[in-house]
Amino acid sequence: MKRIIGTKENTEYGVKLVIDVGGAARALFGAGDAYAAMICKRLGVAVAERSGSVEISGPSVAAAAAAEVFGALHELEKRGALDKQAVRAALDLREEGRLDELFVAGGDTVAVTSRGKAVKCRTPGQKLYVDAIHKNTVVLGIGPAGTGKTFLAVAMAVNEYKNRRIEKIILTRPAVEVGEKLGFLPGDLQQKVDPYLRPLYDALEELFGTEAYKRLLERGTIEVAPLAYMRGRTLSSAFIILDEGQNTTIEQMKMFLTRFSEGSKVVVNGDVTQVDLPENRMSGLKHAAKLLRDVPGIGIVTLTDKDVVRHELVQSIIRAYDKNNKEPE
């Protein structure tokens with residue numbers, strides 16, 4: 001008996017298309033038919049496996065769209081780049097008429113983790129972000145949580161270090177979100193802000209391995225510090241990453257962006273919808289993105305909910321909040 005995924009109604013009207021995917025239908029349907037279920041739910045079709053091909057039933061426009069998506073996913077499957085994120089990206093891009101951009105992501109390896117896993121771009125937006133870092137001295141990466149901004153920037157830094165193009169990796173964050181609570185936490189400023197630098201530590205440990213990371217940290221080759229420690233310094237031959245840049249003031253951002261010297265790269269990441277500064281202070285990241293957009297050597301990349309690589313519910317949550325922010329109260 002033929003296994004059908006999707007609503008029964010879509011098998012009873014409209015058109016029926018059979019797509020030759022070289023016997024790869026089972027792989028395209030995903031474990032537990034998860035990929036096929038996503039496509040059926042989004043496009044309103046039903047699908048079935050027919051002698052290794054994909055049979056699509058439903059309204060003509062929806063069936064044609066599903067055929068395009070399965071065709072694109074088949075190409076990714078042949079490249080070994082098919083996963084749940086790729087299916088979501090294909091559906092989003094097809095909706096916008098940009099399905100050809102699906103193949104922009106997933107190409108070159110950005111870095112390799114300590115366990116030998118290749119780090120690659122998983123969305124077109126991530127690929128634009130990585131390309132911008134390659135091409136520019138300074139990059140502002142703006143986008144919501146879960147788009148891989150921090151991890152990809154750290155991966156790029158590690159790759160640059162391993163290829164001896166830089167001598168030092170410097171990672172920093174403002175401590176704004178801790179606010180007045182800083183004074184009640186034990187230890188010096190470094191110890192107080194360490195919990196807020198944890199995403200950076202985790203990324204470095206995954207990419208270098210725990211022991212190598214600790215050695216590089218002890219030698220000062222890797223420096224993870226609060227933004228306050230950057231004032232008055234000149235940083236050469238370094239890859240410098242400022243995370244949570246939306247929580248800098250204009251003055252802090254200017255201070256940070258004037259620290260680097262020859263042989264350095266600078267990446268500033270942040271989510272401008274999550275500014276924790278007092279209401280009367282403008283985000284330094286927002287200001288810099290507007291002020292520096294036409295300056296040669298500076299790349300500005302905006303990631304969206306479509307670049308989220310965490311659980312698909314994170315995309316839905318971001319969209320719901322964005323919609324709420326746009327609606328009048």
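# Pocket, cores and one buried glutamate

Helix H6 is the top contributor to the lining of the largest pocket, giving four residues. Keep that helix in view as you work through these exercises on a predicted model.

**Exercise 1. Find the largest pocket and say which residues and elements line it.**

Start with size: the largest pocket has a volume of about 1,000 Å³. Next, go to its middle. The lining has 44 residues, and those closest to the centre are Gln-126, Thr-147, Gly-148, Phe-151 and Val-309. Then look for the elements that give two or more residues to this lining: helix H4 (84-95), strand S6 (118-120), helix H6 (149-162) and helix H8 (198-208). Finish with the chemistry. Sorted by class, the lining holds 16 nonpolar, 14 polar and 14 charged residues.

**Exercise 2. Work out which elements build the largest nonpolar core, and which one gives the largest share.**

A bit of background first: in soluble globular proteins, nonpolar side chains tend to be buried together. Here, the largest nonpolar core has 36 residues, with Val-154, Leu-204 and Phe-208 making the most contacts inside it. Two or more residues each come from strand S5 (109-112), helix H5 (124-135), H6, strand S8 (168-173), H8, helix H9 (210-219), strand S9 (222-226) and strand S10 (238-242). H6 supplies the largest share of this core, seven residues. Apart from this core there's another one, of 34 residues, including Val-54, Ala-62, Ala-63 and Ala-72.

**Exercise 3. List what Phe-208 touches, leaving out residues up to four places away in sequence.**

Click on Phe-208 and go up the numbering. You should pick up Ser-114, then Val-158, Tyr-161 and Lys-162, then Ile-169, and lastly Tyr-213, Leu-216 and Ile-222.

**Exercise 4. Decide whether Glu-160 is buried or exposed, and find its contacts.**

Glu-160 sits in helix H6. Its relative accessibility is 10%, and the cut-off for buried is under 20%, so Glu-160 counts as buried. Setting aside residues up to four places away in sequence, Glu-160 touches Arg-165, Ile-166, Phe-239 and Lys-265.

**Exercise 5. Zoom out and describe the whole chain in numbers.**

Count the elements: you'll get 12 helices and 12 strands. Now check burial: 48% of the 329 residues count as buried. On the outside, the chain exposes about 16,900 Å², and carbon and sulfur atoms supply 50% of that. For the last step, take contacts between residues at least 6 apart in sequence; 71% of them join residues at least 24 apart.

Key. Residues numbered from 1 in each chain as written. Predicted model: local features only at pLDDT ≥ 70, side-chain atom pairs only at ≥ 80, totals over all residues. Heavy atoms only, no water. 1 Å grid on protein atoms, 1.4 Å probe; cavity = no way out; pocket = protein on both sides within 12 Å on 5 of 7 lines; lining within 4 Å. Points joined across faces, edges and corners; volume = space filled by probe spheres on them. Nonpolar A, V, L, I, M, F, W, Y, C, P; charged D, E, K, R; others polar. Core = buried A, V, L, I, M, F, W, Y, C linked by side-chain atoms within 4.5 Å. Buried < 20%, exposed > 50% of the residue type's maximum accessible area, 1.4 Å probe, protein only. Contact = heavy atoms within 4.5 Å. Areas by Shrake-Rupley, 256 points an atom, 1.4 Å probe, with all protein chains shown as cover.
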